[in-house]
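Here is a short, friendly tour of a protein chain, written for reading beside the structure. Let's start inside and work our way out.

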Amino acid sequence: MTTIIVAVTTDLAIGKNGDQLYYIKSDLRRFREFTTGHTIIMGRKTFDALPKGALPNRRNIVVSRQHGLTLPGAEVTSSLDMAIALAGDDDIFIIGGAQIYKAAMPLAERIELTEILIERPDADTFFPAIDPADWHTTAITETMTDPGSGIAYRYRTLLRNK
C-alpha cells in the first residue's frame, strides 16, 4: 500500500524555510510506528532537513533531479515512479516534501494526516488540496493538545474512493 503521511495546518501549511512547522512528540512517535520496517520515499530537500540523515530501520529512497547524487543510508532515484518501482511490494510511506506529495496524490491509496488546528499564513510550503470526491475519512481522533507547545491537533485516516 502506498501511504502519504503528513502533518498539515488548517490552511494546509507543511513547512517554512526548509523545515516542518511543529514538532509534536506524540506525532513523531506515531510517524516512527507507522514507518519503521518499511520504505519511505522523500525529496532531497526533505532528506536534507532530517537532523541525522537517513532514518534508521527504514529503507530510505530519495527522489532528486541531481544526476549522480549519493546520500549516506539512502538510495537515490530521479522520479517518484522509479522510487515506487524500486520499493517493490513493501508498504511505502511518502514523507514529503510538497513536490513529492503533489506527485504522489494520484498514486496513493491512503493518507495518514495529522491535522494541526491552527493557521500558518507565514508558511512557505503547502500540501495539495484533498479532493473529497477522491477521498473519504475512515478514522478520526478526538482533539488533543501537545503539552510542549499547547498546539491542538488530531489524527485522520483517509482512503481513496474506489
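## A residue in the middle of things

Leaving aside residues up to four places away in sequence, Ile 94 touches Thr 2, Thr 3, Ile 4, Ile 5, Ile 41, Leu 80, Ile 100, Tyr 101 and Ala 104. Do keep in mind as you look around that this is a predicted model.

## Two nonpolar cores

Ile 94 also belongs to the largest nonpolar core, which has 22 residues. Along with Ile 4, Val 6, Ile 41, Tyr 101, Ile 111 and Phe 127, Ile 94 is among the members that touch the most others in this core. Two or more residues each come from strand E1 (2-9), strand E5 (59-63), helix H3 (80-87), strand E7 (92-94), helix H4 (98-104) and strand E8 (110-116).

Another core lies apart from this one. It holds 13 residues, including Phe 31, Phe 47, Leu 55 and Leu 69.

## The chain as a whole

Stepping back, you will find four helices and twelve strands in the protein chain. Its radius of gyration is 15 Å, close to the 15 Å that the globule rule gives for 162 residues, so the chain is as compact as a globular protein of that length. Along the principal axes, the C-alpha atoms fill a box of roughly 45 × 35 × 30 Å.

Of the contacts between residues at least 6 apart in sequence, 64% join residues at least 24 apart. Buried residues account for 43% of the 162 in the chain.

## Surface and charge

The accessible surface of the protein chain is about 8800 Å², and carbon and sulfur atoms contribute 53% of it. As for charge, the chain carries 18 positive and 20 negative charges, whose mean positions are 3 Å apart.

Conventions: Residues numbered from 1 in each chain as written. Predicted model: local features only at pLDDT ≥ 70, side-chain atom pairs only at ≥ 80, totals over all residues. Heavy atoms only, no water. Rg over C-alpha atoms; globule rule 2.2 N^0.38 Å. Buried < 20%, exposed > 50% of the residue type's maximum accessible area, 1.4 Å probe, protein only. Contact = heavy atoms within 4.5 Å. Areas by Shrake-Rupley, 256 points an atom, 1.4 Å probe, with all protein chains shown as cover. Lys, Arg positive; Asp, Glu negative; His and termini not counted. Charge placed at Lys NZ, Arg CZ, Asp CG, Glu CD. Core = buried A, V, L, I, M, F, W, Y, C linked by side-chain atoms within 4.5 Å.
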